Amino acid sequence: MKIALLGKGKTGGRVLELLVQNNIPHTVFDSENHPTLENLKGHDVVISFLSGNIFKEYMTLLLDSKIPVVTGSTGMQWPADFDKKVKEKNTKWIYATNFSLGMNLVHQMILIMKEADSIINNVQYNMLEVHHTKKLDAPSGTALSWKNWLDREVFIKSERIGDVIGIHELRLKTPVEEITLKHEALDRKIFAEGAMYAANKITTLPPGLHLFQDVVQKELLKGR
Ligand SMILES: NC(=O)c1ccc[n+]([C@@H]2O[C@H](COP(=O)([O-])OP(=O)(O)OC[C@H]3O[C@@H](n4cnc5c(N)ncnc54)[C@H](OP(=O)(O)O)[C@@H]3O)[C@@H](O)[C@H]2O)c1
């Protein structure tokens, strides 16, 4: 498998470390070396950790290349018809706002927390997300995914401090009790490992745009 790595910054740099450590053939594309149809030829999977605004500029090119794409770029909206476009090109894309494999456990926990109002009165939800000061988007893509999974009214507070990789907390509060769910990324390697997991799985998927959580969930719930 030969990887085209788009972005070698804070997160893409950790993917690059894994590629080098595991002797996986790859090419790095960055602000100096832009991807083109010509220089993408011969790659089996694209992994992108570009910021969303830059990734958007390359989406048509990547579709035309027909190479399967794993993307962690955040701060962008997916066009409504994008799944159709990926299918028309007979290729596969996986996206995630958070490639941490542990985040899939959190997903299951949130699906349980959202049911609180069926047994408890006066439930309120609050969320806190903390990231490094260079993060461009707020609330984070992960916080928006949590809100989406929760599917309840929730206030999100964003803080930008030092070099914090990523902290997300969901608090369920009633006048008489409180439950807090916290996920903290301790090392950006978790995103790199998740992206590599996706790159290895992508060829087994049918054509279309796949959410990473859905791909992992199948594995997670296999035994149930
Ligand atoms: N889904 C997840 O699990 C996850 C986890 C962490 C971060 N993210 C997201 O990943 C994205 C990147 O974050 P980051 O902190 O790693 O960013 P970063 O450190 O700023 O790195 C950005 C990279 O983009 C490259 N770049 C800039 N302009 C370019 C262009 N026109 N063409 C090609 N490459 C270009 C830069 O090249 P140079 O090296 O030449 O400067 C750099 O390597 C963000 O959207 C972030 O929110 C997602």
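Modeller: A residue counts as buried if 20 or more other C-beta atoms lie within 10 Å of its own. Keep that cut-off in mind, because it also sets exposed at 12 or fewer and partly exposed in between. The model before us is predicted.

Colleague: Which residues of helix H1 are buried?

Modeller: H1 covers residues 12-21. Gly12, Arg14, Val15, Leu16 and Leu19 are buried there. By the definition, each of these therefore has 20 or more other C-beta atoms within 10 Å.

Colleague: What do the buried residues of H1 pack against?

Modeller: Three strands and a helix: E1 (3-6), E2 (26-29), E3 (45-48) and H7 (189-201). H1 lies across E1, E2 and E3, and runs at about 155° to E1.

Colleague: What makes Asn23, which follows H1, exposed?

Modeller: Its count of neighbours. Asn23 has 7 C-beta neighbours inside 10 Å. The limit for exposed is 12 or fewer, so Asn23 counts as exposed. Asn23 sits in the loop between H1 and E2. Its phi is positive, about 55°, although Asn23 is not a glycine.

Colleague: Why is Lys66 called partly exposed?

Modeller: Lys66 has 14 other C-beta atoms within 10 Å. Exposed stops at 12 and buried starts at 20, so Lys66 falls in between. The loop between H3 and E4 holds Lys66. Lys66 is a residue other than glycine with a positive phi, near 65°.

Colleague: Where is there a cis peptide bond?

Modeller: From Ala138 to Pro139, with omega near -5°. Pro139 is placed in the loop between E6 and H6.

Colleague: Now the sheets. Which strands form the parallel one, and in what order?

Modeller: Six strands, ordered E2-E1-E3-E4-E5-E10, form an open sheet with parallel pairing. E2 and E10 (208-211) are the edge strands, each pairing on one side only. From one strand to the next, the twist averages 15°.

Colleague: How do you know that E1 and E3 pair?

Modeller: Count the bridges. Pairing takes at least two, and four join E1 to E3, so the two strands pair. They run parallel. One bridge links Leu6 to its partner in E3, Ser48.

Colleague: What is the pairing in the sheet of four strands?

Modeller: Mixed. That sheet is open, in the order E7-E6-E8-E9.

Colleague: Why is one side of E7 and of E9 left without a neighbour in the sheet?

Modeller: E7 (154-160) and E9 (178-185) stand at the edges. Each has a single partner strand, so one side has no neighbour in the sheet. The twist here averages 15° from one strand to the next.

Colleague: What makes E8 and E9 a pair?

Modeller: Eight bridges, in the antiparallel sense, between E8 (residues 166-173) and E9. The requirement is at least two, so the pair qualifies. Among the partners in E9, Glu184 belongs to Ile167, and Ala185 belongs to Gly166. A hairpin of four residues joins E8 to E9. E8 is also joined to E6, antiparallel, by seven bridges. There, Met127 has Leu170 in E8 as its bridge partner.

Colleague: Which side chains of E8 point to the buried face?

Modeller: Gly166, His168, Leu170 and Leu172. The chain alternates: Ile167, Glu169, Arg171 and Lys173 point to the other face and are not buried.

Colleague: Which residues touch the most other members of the largest nonpolar core?

Modeller: Leu5, Val46, Ile47, Val70, Ala195 and Ala199, out of 36 residues. Elements giving two or more residues include E1, H1, E3 and H8 (212-220). H7 provides the largest share, seven residues.

Colleague: What does Ile47 touch?

Modeller: Leaving out residues up to four places away in sequence, Ile47 touches Ile3, Leu5, Leu6, Val15, Val70, Ala195 and Ala199. Another core lies apart from that one, with 10 residues, among them Met103, Val106, Ile110 and Met113.

Colleague: How many residues surround the ligand, and which are closest?

Modeller: There are 25, and the closest are Gly9, Thr11, Asp30, Ser31 and Gly72. By class, the shell has seven nonpolar, 14 polar and four charged residues.

Notes:
Residues are numbered from 1 along each chain as its sequence is written. This is a predicted model: local features need pLDDT of at least 70, side-chain atom pairs count only at pLDDT 80 or more; totals for chains, interfaces and linings use all residues. Two residues are in contact if their C-beta atoms, placed from the backbone, lie within 7 Å. A residue is near a molecule or strand if its C-beta atom, placed from the backbone, lies within 6 Å of it. Ala, Val, Leu, Ile, Met, Phe, Trp, Tyr, Cys and Pro count as nonpolar, Asp, Glu, Lys and Arg as charged, and the others, Gly among them, as polar. A nonpolar core is a set of buried Ala, Val, Leu, Ile, Met, Phe, Trp, Tyr and Cys residues joined through C-beta atoms within 7 Å. Axes are lines fitted to C-alpha atoms, for helices over the stretch in contact, and angles run from 0 to 180 degrees between N-to-C directions.
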